[in-house]
Amino acid sequence: MSHAEQAPLKFAYWVPNVSGGLVTSTIEQRTDWGYDYNRKLAQLAEANGFEYALSQVRYIASYGAAYQHESTSFSLALLLATERLKVIAAVHPGLWQPGVLAKLISTADHLSGGRAAVNVVSGWFKDEFTKLGEPWLEHDERYRRTEEFIRVLREIWTSDHAEFRGDFYRLHDFDLKPKPVEVPGRPHPEIFQGGNSTAARRNGGRVSDWYFSNGKDYDGFAEQVQEVNGHAADAGRLGQVRFGLNGFLIARDSEREARETLHEIIAKADAVAVEGFRGAVQQAGSSTSDKRGMWADSSFDDLVQYNDGFRTQLIGTPEQIADRAIEYKRRGADLLLLGFLHYHEEVEYFGRHVLPIIREKEAELDARELSTSSTR
Ligand SMILES: Cc1cc2nc3c(=O)[nH]c(=O)nc-3n(C[C@H](O)[C@H](O)[C@H](O)COP(=O)(O)O)c2cc1C
């Protein structure tokens, strides 16, 4: 597909539903994990160009997130407080029974007029499972379970006689009523999935509607798009998987101010919490057979934003950020997933100063693509 035919780049934000903000640092963060702050944020976000919000799932403390609101209930509250925003709830196979979740999301979809979605996360935090008395599967087994989990969700949401026989889940002539809301162009609530490992990429291509990447530079992102699309092609799904990329956005009137903010975040990193997180995630990353799991090559500085958000380098003036956003779009991004230091203020700044430039540059890109394709 040429870019001239492509949809506008979409934007999502990380819901700060855990305490401590989006960076593990003692720098001032005027972000609050409570509901009042989040309700206002969701309303600001939908008025400032955000189409999606992504809640996090966390059951016990990590990376400084001492307190955590549960993702599905919090997502539903945000759906009810907004009119257009789609809210993606993060969920762990292994902790949820997929039929129960399918039912919950279908109800949330009805309560919100077709705006519920899920992010199926395979999990990296062993303690979270073992402390809840659930087995911690080996890495690729977690992803095999995730593939079945997603197939079960889709089967339940689309079939009147849902059937499934897998190693982890089974369905017998199950008929969910009501099915999720019928939304044109959306066969069922959207299914996102995040990860970097070979197993995550395979699942991304084979079963997901959306593949979420951690923060990456241009080449690191493009390489994933190519590989996931290869798996999608093998599964007869080429063109059906869309790509979201995480980035921590620091937009300031001058590049110097933005860089100084980044410097201060890292200088004030909560070293004990970052090291604790590093220990947990690198166990998960290096436990993959090819050592390609997420965070496998992350530095201390990268991990201060726990989803490698600095690597995307959405840091600078609105113009500089817009240039990078467009380049990521050229390399396959359909959506940018953003985190901020001071959410309320910065979401508004994004809508007022950054987004208009992105839209201008997108129009220029589309015009260029159109003239190239017409002279071909
Ligand atoms: C955008 C994004 C969001 C994620 N959200 C969560 C989350 O809320 N909770 C969680 O435990 N893991 C979350 N993960 C982590 C994944 O579930 C997975 O454990 C991680 O990507 C490591 O996978 P890998 O070994 O395939 O690289 C997220 C990952 C990405 C990319």
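The crossing of helices α3 and α5 is right-handed, and it offers a way into this structure, which is a predicted model. The strands β1-β2-β3-β4-β7-β8-β9-β12 form a closed barrel of eight with parallel pairing, in which the twist from one strand to the next averages 25°. The points below take the helix contacts, then the barrel strands, and finally one glycine in a loop.

**Helix α3 against helix α5**

- Helix α3 covers residues 98-111 and helix α5 covers residues 139-158, and their axes come within 9 Å of each other while crossing at roughly 50°. Because of that angle, α3 is oblique to α5.
- On the α3 side the contact is made by P98, G99, A102 and S106, and on the α5 side by F149, V152, L153, I156 and W157.
- Sorted by class, this contact of α3 with α5 has seven nonpolar residues and two polar ones, with no charged residues.

**Helix α5 against helix α6**

- Helix α6, made of residues 198-207, packs with α5 at an angle of about 15°, and the two axes are 10 Å apart. The helices α5 and α6 are therefore roughly parallel to each other, since an angle under 35 degrees counts as roughly parallel.
- The crossing of α5 and α6 is right-handed.
- From α5, the residues H139, D140, Y143, T146, E147, I150 and R151 take part, and they meet A199, A200, N203, R206 and V207 of α6. By class, the contact of α5 with α6 has five nonpolar, three polar and four charged residues.

**Helix α2 against helix α3**

- Helix α2, which spans residues 71-80, packs with α3 at an angle of about 15°, and their axes are 10 Å apart. That angle makes α2 roughly parallel to α3.
- The crossing of α2 and α3 is right-handed.
- In this contact T72, L76, L79 and L80 of α2 meet L104, A108 and L111 of α3, and by class the contact has six nonpolar residues, one polar residue and no charged residues.

**Strand β1 and its two neighbours**

- Strand β1 takes in residues 10-14 and is mostly covered, with four of its five residues buried.
- With strand β12, residues 335-339, β1 pairs in the parallel sense over four bridges. Within this pairing K10 stands opposite L335, and Y13 stands opposite L338.
- With strand β2, residues 52-54, β1 also pairs in the parallel sense, here over three bridges, and A12 stands opposite Y52 of β2.

**Strand β12 and its surroundings**

- Five of the five residues of β12 are buried, so this strand is largely enclosed by the rest of the structure.
- In a regular strand, the side chains alternate between the two faces of the sheet. In β12 both faces are covered, as L335, L337 and G339 on one side and L336 and L338 on the other are all buried.
- Besides its pairing with β1, β12 pairs in the parallel sense with strand β9, residues 242-248, over five bridges. One bridge of this pairing has L245 as the partner of L336 in β12.

**Strands β4 and β7**

- Strand β7 consists of residues 191-194 and runs parallel to β4, to which it is joined by three bridges.
- In this pairing V120 stands opposite Q193 of β7.

**A glycine in the loop after α3**

- The residue G113 lies in the loop between α3 and β4, the latter being residues 116-120.
- G113 is exposed, because it has 12 other C-beta atoms within 10 Å and a residue counts as exposed if 12 or fewer lie within that distance.
- Between G113 and V183 there are 8.7 Å in space, C-alpha to C-alpha, although these two residues are 70 residues apart in sequence.

Notes
Residues are numbered from 1 along each chain as its sequence is written. This is a predicted model: local features need pLDDT of at least 70, side-chain atom pairs count only at pLDDT 80 or more; totals for chains, interfaces and linings use all residues. Axes are lines fitted to C-alpha atoms, for helices over the stretch in contact, and angles run from 0 to 180 degrees between N-to-C directions. Angles under 35 degrees count as roughly parallel, over 145 as roughly antiparallel, 65 to 115 as roughly perpendicular and the rest as oblique. A crossing is left-handed if the near helix is turned anticlockwise from the far one by less than a right angle, and right-handed if clockwise. Two residues are in contact if their C-beta atoms, placed from the backbone, lie within 7 Å. Ala, Val, Leu, Ile, Met, Phe, Trp, Tyr, Cys and Pro count as nonpolar, Asp, Glu, Lys and Arg as charged, and the others, Gly among them, as polar. A residue is buried if 20 or more other C-beta atoms lie within 10 Å of its own, exposed if 12 or fewer, and partly exposed in between; C-beta atoms are placed from the backbone. Two strands pair if DSSP finds at least two bridges between them.
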